[in-house]
Amino acid sequence: MGQTITEKILDEHLVEGELTPGEEIGIEIDQVLTQDTTGTMVWLQFEALDLDEVQTELAAQYCDHQTYQFDFKNTDDHRFLRSAAGTFGAYFSRPGNGICHQVHKENFAAPGKTLLGSDSHTPTPGGLGQFAIGAGGLDIAVAMGGGPYYVEMPEVVNVELTGELPEWATAKDVALHLLGELTVKGGVGKVLEYTGEGAESLTIPERTTITNLGTELGATSSIFPTDGKTKEWLALQDREDEFVDLAPDEDAEYADTIEVDLSSLEPLIACPSMPDNVVPVSEVAGTDVEQVIIGSCTNGAYEDILPGAKMLEGREVDRKTEMIVAPGSKQASEMLSREGWTAELMAAGVNFSEATCGACIGIGHVPASDSVSLRTFNRNFEGRSGIEDDSVYLCSPEVATAAAIAGEIVDPRDLADDLGDLEAPGFEMGSNYGPGMGRDDPDIIGPDEAVDDDLIKGPNIGDVPLKDELASDIEGEALLKMEDNITTDHIIPATADILKFRSNIEKLSEFTLSRVDDTFAQRALDADGGFLVAGENYGQGSSREHAALCPMFLGVEGVLAQSFARIHKANLFNFGLVPLTIDEETYERIEQGDDVQIVDDVGDGVRSGQEEFTIRVNDDWEATARLDASERERDILAAGGKLSWTKAQHDSG
Ligand code: SF4
């Protein structure tokens with residue numbers, strides 16, 4: 001039987017298991033990436049494993065999420081990351097050089113290779129034919145030590161693109177269309193493999209916008225075939241020799257096929273506060289807009305910013321609206337400057353941010369209270385922009401720029417009709433990928449030119465907490481009952497005032513779930529154990545392992561949820577928290593403050609493969625909770641988490 005692209009790459013990298021959907025497989029990892037908010041913990045864990053050197057073909061450390069160093073803790077973190085990259089043999093991308101996904105795409109992403117990254121949008125270079133997955137930091141540390149990465153073999157779904165995008169519809173609209181149709185849970189357990197003439201018609205920056213947003217669909221990964229466009233793009237980055245041909249076999253079998261006719265798409269917009277809350281732009285036209293931002297890892301390439309620059313040529317940003325360009329990388333900034341577009345944009349009233357995640361996670365450019373912000377980003381979860389009652393819409397650069405010109409949301413086709421001389425900018429590839437924009441870039445320090453050979457830890461960089469082996473009896477309070485779709489932003493907010501403690505778990509833990517209940521952290525500490533209770537899709541969003549690590553530090557023993565997001569569930573295993581699935585009736589019945597006891601011997605049950613556990617609530621009623629876990633996940637859980645488990649393996653081996 002023929003193979004899909006996903007099966008071909010995984011087959012080549014398979015070290016354990018079989019490519020049967022739902023079965024756990026172990027794959028060899030070629031490249032890893034980490035960013036600054038997750039990276040400090042990755043390197044502390046790598047250090048705790050007593051390993052000397054990175055074992056993967058390539059490891060890259062980016063400083064992108066919190067690059068504004070308005071506290072020495074951020075600067076200390078960046079210095080620590082540089083020292084860790086130098087000490088252990090990784091590339092180091094300096095603060096301000098750009099967002100990990102954009103910079104990795106430019107410099108290292110290679111078709112046919114596997115990439116594991118401690119950031120949920122790691123699948124971005126799938127647009128170049130790389131098989132990339134987001135994972136928790138501990139998984140990255142273990143992969144850097146040469147260990148395989150374990151994941152449930154996903155179903156491979158074919159997204160067949162036909163036709164071509166009409167004027168004013170963009171790659172962002174392809175992704176928004178899928179989000180509207182499939183929802184934020186539509187890709188869970190799946191790889192989305194794009195094929196068809198419509199896929200061929202898209203450029204690499206357009207493809208990577210789509211693969212980037214696959215994360216919002218909950219997909220394990222997203223991938224495109226490679227072709228002449230891939231080769232040309234690699235050549236622009238001076239990496240043509242890294243091209244490999246990748247296509248599904250003609251008789252490849254997919255679990256499902258979704259057809260999208262590109263020619264039927266129109267400008268779309270995701271309304272507050274979920275990326276799948278998608279409507280045609282015309283439905284919300286007339287809404288006043290106070291802020292517009294173009295950029296991020298989704299639409300931060302030179303080619304993403306160019307359409308807005310063309311639209312603004314000879315025009316101005318509306319007086320009551322602020323427009324900011326936040327390039328995804330310094331390469332994008334440099335190209336805009338070389339081509340003269342920076343001056344054009346500035347003359348139109350646009351401000352520039354350094355190449356950083358920044359505004360995407362509420363670090364800078366926080367919207368005014370009770371105002372609308374239009375962004376070309378990938379997430380608009382409530383409060384993510386840095387203010388609780390925010391109103392963030394997600395859209396293409398064209399729709400964002402049209403709003404900046406009009407001062408309100410407007411379908412760009414209508415704006416073009418009104419203005420009479422506004423032409424659809426279309427999509428144009430950059431050609432001036434000049435010298436100094438590749439790997440020799442002064443902002444990327446290679447392992448051979450490392451400036452440090454020892455770790456430099458400032459006073460805010462603490463130790464990695466460890467958990468004891470799983471106990472036999474687990475009993476405690478239902479500390480907090482939450483609804484569906486609780487995100488990792490709810491569990492550990494990524495705002496600047498909190499993120500600066502990412503290397504100091506004791507301090508960071510004080511903010512655990514504070515956005516849901518600000519008494520939670522203290523109550524959990526006082527209770528010395530207990531459970532979290534949640535509805536569907538608990539832990540969706542980022543790969544942030546602090547969202548498991550901090551509850552663990554506070555003494556939480558397990559989570560009872562109707563379902564879990566993939567990366568977060570893996571993080572719960574990695575930090576020794578028991579993720580138990582409960583049915584809707586149990587969820588409805590259980591109340592915050594109830595006493596919950598797992599009746600069975602948990603340690604023994606987990607080790608022996610027991611799938612169903614009885615929980616007794618208030619010594620009054622009982623229900624069944626399921627533990628869906630592979631043998632390896634059970635071993636990790638029983639050992640008290642992956643760090644303890646991996647250390648034990650190294651010590652014995
Ligand atoms: Fe950065 Fe936002 Fe992209 Fe995450 S989603 S990598 S925070 S720009």
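Reader: In which sense do strands β21 and β25 pair, and over how many bridges?
Author: In this predicted model, strand β21 covers residues 474-481, and strand β25 covers residues 595-598. One of the bridge pairs puts Glu477 opposite Asp595 of β25. The two strands pair in the antiparallel sense, over four bridges.

Reader: Which residue of β26 is the bridge partner of Val596?
Author: Strand β25 is also joined to strand β26, residues 612-617, by three bridges. These two strands run antiparallel. The partner of Val596 in β26 is Val617.

Reader: Which residues of β25 lie on its covered face?
Author: In a regular strand, side chains alternate between the two faces of the sheet. In β25, Asp595 and Gln597 make up the uncovered face. The covered face has Val596 and Ile598.

Reader: From which domains does the shell around the ligand draw at least three residues each?
Author: The residues surrounding the ligand include His65, His101, Asp119, Cys297, Cys357 and Arg384. By class, the shell has five nonpolar, five polar and two charged residues. At least three residues come from each of domain 1 (5-264) and domain 2 (268-417).

Reader: Which helix gives the largest share of the largest nonpolar core?
Author: That core has 75 residues, and among those touching the most other members are Trp43, Met144 and Phe520. Its largest share is six residues, from helix α5 (residues 137-144).

Reader: Leaving aside neighbours within four places in sequence, which residues is Met144 in contact with?
Author: Met144 is among the core residues that touch the most other members. With those sequence neighbours left aside, its contacts are Val32, Val42, Trp43, Phe46, Glu53, Val54, Gln55, Thr56 and Ala59.

Technical notes
Residues are numbered from 1 along each chain as its sequence is written. This is a predicted model: local features need pLDDT of at least 70, side-chain atom pairs count only at pLDDT 80 or more; totals for chains, interfaces and linings use all residues. Side-chain values use heavy atoms; hydrogens and water are left out. A residue is near a molecule or strand if one of its heavy atoms lies within 4 Å of it. Ala, Val, Leu, Ile, Met, Phe, Trp, Tyr, Cys and Pro count as nonpolar, Asp, Glu, Lys and Arg as charged, and the others, Gly among them, as polar. Domain bounds come from an automatic or database domain assignment. Buried means under 20% relative accessible area, exposed over 50%, partly exposed in between (1.4 Å probe, protein chains only). Two strands pair if DSSP finds at least two bridges between them. A nonpolar core is a set of buried Ala, Val, Leu, Ile, Met, Phe, Trp, Tyr and Cys residues joined through side-chain atoms within 4.5 Å. Contact means heavy atoms within 4.5 Å.
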